[in-house]
Amino acid sequence: MEFLRSVVPFHPAPIIAGEKVILRAPTMADYPAWSSLREESRNFLMPWEPIWPSDDLTRPAYRRRLRRYQREMHEATGYPFLVFKAEGLTLVGGLTLSHIVRGVTQSCSLGYWMGAPYAGQGLMGAAVKAIMPFVFETLRLHRLEAACLPHNAASIRLLEKAGFTREGYARRYLCIEGRWQDHLLFAIVSDDPRP
């Protein structure tokens with residue numbers, strides 16, 4: 001059966017145009033805008049993310065991040081995207097497909113972050129909807145999963161509006177802000193209706 005093949009064709013991260021957003025793989029030229037937006041949004045993002053390494057926003061750390069991204073794309077285990085507002089191509093956040101599993105699972109995990117000045121404008125919802133054809137049609141995965149903290153109302157609303165179904169509750173699932181925290185689990189599968 002084709003889906004059990006151990007060799008997966010390499011798909012470079014494409015440029016994806018969605019409603020109000022453009023998604024593309026990060027490059028070294030994005031470092032100034034990326035580091036500036038992350039620094040400006042530090043207090044906004046920290047409650048929802050793992051603890052940042054002390055050098056996280058430095059150019060060498062960003063270069064290491066890009067090398068890891070290139071390796072993941074080459075191995076077809078992950079795809080990073082920066083999210084830009086289509087009008088003006090302003091960097092507004094990021095979205096990552098990770099933990100791509102083939103064989104009988106055919107799934108991956110979705111992660112995302114939004115810069116504080118752009119939160120609540122529907123841009124990440126547009127990015128999540130725009131990535132789905134790449135997940136289900138190009139990568140030919142069956143399942144896209146996401147997890148969020150139970151008190152992250154904005155993320156819950158975003159996932160539900162994008163067509164994800166709440167499937168469960170994982171105790172002490174991810175180490176966020178230095179603590180193992182419970183998460184709500186969501187997923188959408190390839191034949192689910194999409195808004």
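## Helix H4

At 1.5 Å a residue, the 16 residues of H4 should span 22 Å, and the end C-alpha atoms of this helix are indeed 22 Å apart, in agreement with that expectation. The model described here is a predicted one. Buried positions in H4 include Leu-123, Met-124, Ala-126, Ala-127 and Val-128. Further along the helix, Ala-130, Ile-131, Met-132, Phe-134, Val-135 and Phe-136 are also buried. Arg-140, which follows H4, has a positive phi near 60°.

## Helix H3

Helix H3 covers residues 59–74. Its 16 residues should span 22 Å at 1.5 Å a residue, and the distance of 23 Å between its end C-alpha atoms agrees with this. The buried residues of H3 are Ala-61, Tyr-62, Arg-65, Leu-66, Tyr-69 and Met-73. Seen down the helix axis, they fall within an arc of 145°, so they line one face of H3.

Among the elements that cover these buried residues are helix H1 (31–40) and strand E3 (79–85). Just after H3, Ala-76 adopts a positive phi of about 60°.

## The sheet

Eight strands make up an open sheet of mixed pairing, in the order E1-E2-E3-E4-E5-E6-E8-E7. The edges are occupied by E1 and strand E7 (165–176); each has a single partner strand, so one side of each is left without a neighbour in the sheet.

Strand E4 (residues 90–101) is joined to E5 by seven bridges, and the two strands run antiparallel. Within this pairing, Gly-94 has Trp-113 of E5 as its bridge partner.

## The N-terminal hairpin and its surroundings

Strand E1 (residues 16–17) and E2 run antiparallel and are joined by two bridges. Ile-16 stands opposite Leu-23 of E2. Three residues lie between the strands of this hairpin, in which Lys-20 takes a positive phi near 75°.

In a regular strand the side chains alternate between the two faces of the sheet. Strand E2 (residues 21–24) shows such an alternation: Val-21 and Leu-23 point to one face and are buried, whereas Ile-22 and Arg-24 point to the other and are not buried. E2 also pairs with E3, in the antiparallel sense and over four bridges. In that pairing, Leu-23 has Val-83 of E3 as its bridge partner.

## Pro-14

Pro-14 is located in the segment before E1. This residue is partly exposed, with a relative accessible area of 26%. Although Pro-14 and Arg-24 are ten residues apart along the chain, their C-alpha atoms are separated by 6.2 Å.

When neighbours within four places in sequence are left aside, Pro-14 is in contact with Leu-23, Arg-24, Phe-81 and Phe-134. Of these contacts, Leu-23 is one of the buried residues of E2, and Phe-134 is one of the buried residues of H4.

## Strand E6 and its two partners

Strand E6 (residues 143–148) also has alternating side chains. Leu-144, Ala-146 and Cys-148 point to one face and are buried, while Arg-143, Glu-145 and Ala-147 point to the other face and are not buried. Strand E5 (residues 107–114) runs parallel to E6 and is joined to it by three bridges. Ser-107 has Arg-143 of E6 as its bridge partner. From E5, the chain crosses through helix H4 (residues 123–138) to E6, and this β-α-β crossover is right-handed.

E6 is also joined to strand E8 (residues 179–189), by six bridges, and these two strands run antiparallel. Leu-144 has Ile-188 of E8 as its bridge partner.

## Cysteines

Why is Cys-148 without a bond to Cys-108? The sulfur of Cys-148 is 16 Å from that of Cys-108, which holds the closest cysteine sulfur, and this is too far for a bond. Cys-148 is buried, with a relative accessible area of 3%.

For Cys-175, the closest cysteine sulfur is that of Cys-148, at 17 Å, which is likewise too far for a bond. Cys-175 is partly exposed, with a relative accessible area of 31%. The structure as a whole holds zero disulfides.

Key. Residues are numbered from 1 along each chain as its sequence is written. This is a predicted model: local features need pLDDT of at least 70, side-chain atom pairs count only at pLDDT 80 or more; totals for chains, interfaces and linings use all residues. Side-chain values use heavy atoms; hydrogens and water are left out. The expected span of a helix is 1.5 Å times one less than its number of residues. Buried means under 20% relative accessible area, exposed over 50%, partly exposed in between (1.4 Å probe, protein chains only). The arc is that of the directions from the helix axis to the C-beta atoms. Contact means heavy atoms within 4.5 Å. A disulfide is a pair of cysteine sulfur atoms within 2.5 Å. Two strands pair if DSSP finds at least two bridges between them. A crossover is right-handed if, with the strands pointing away from the viewer, the path from the first strand over the helix to the second runs clockwise.
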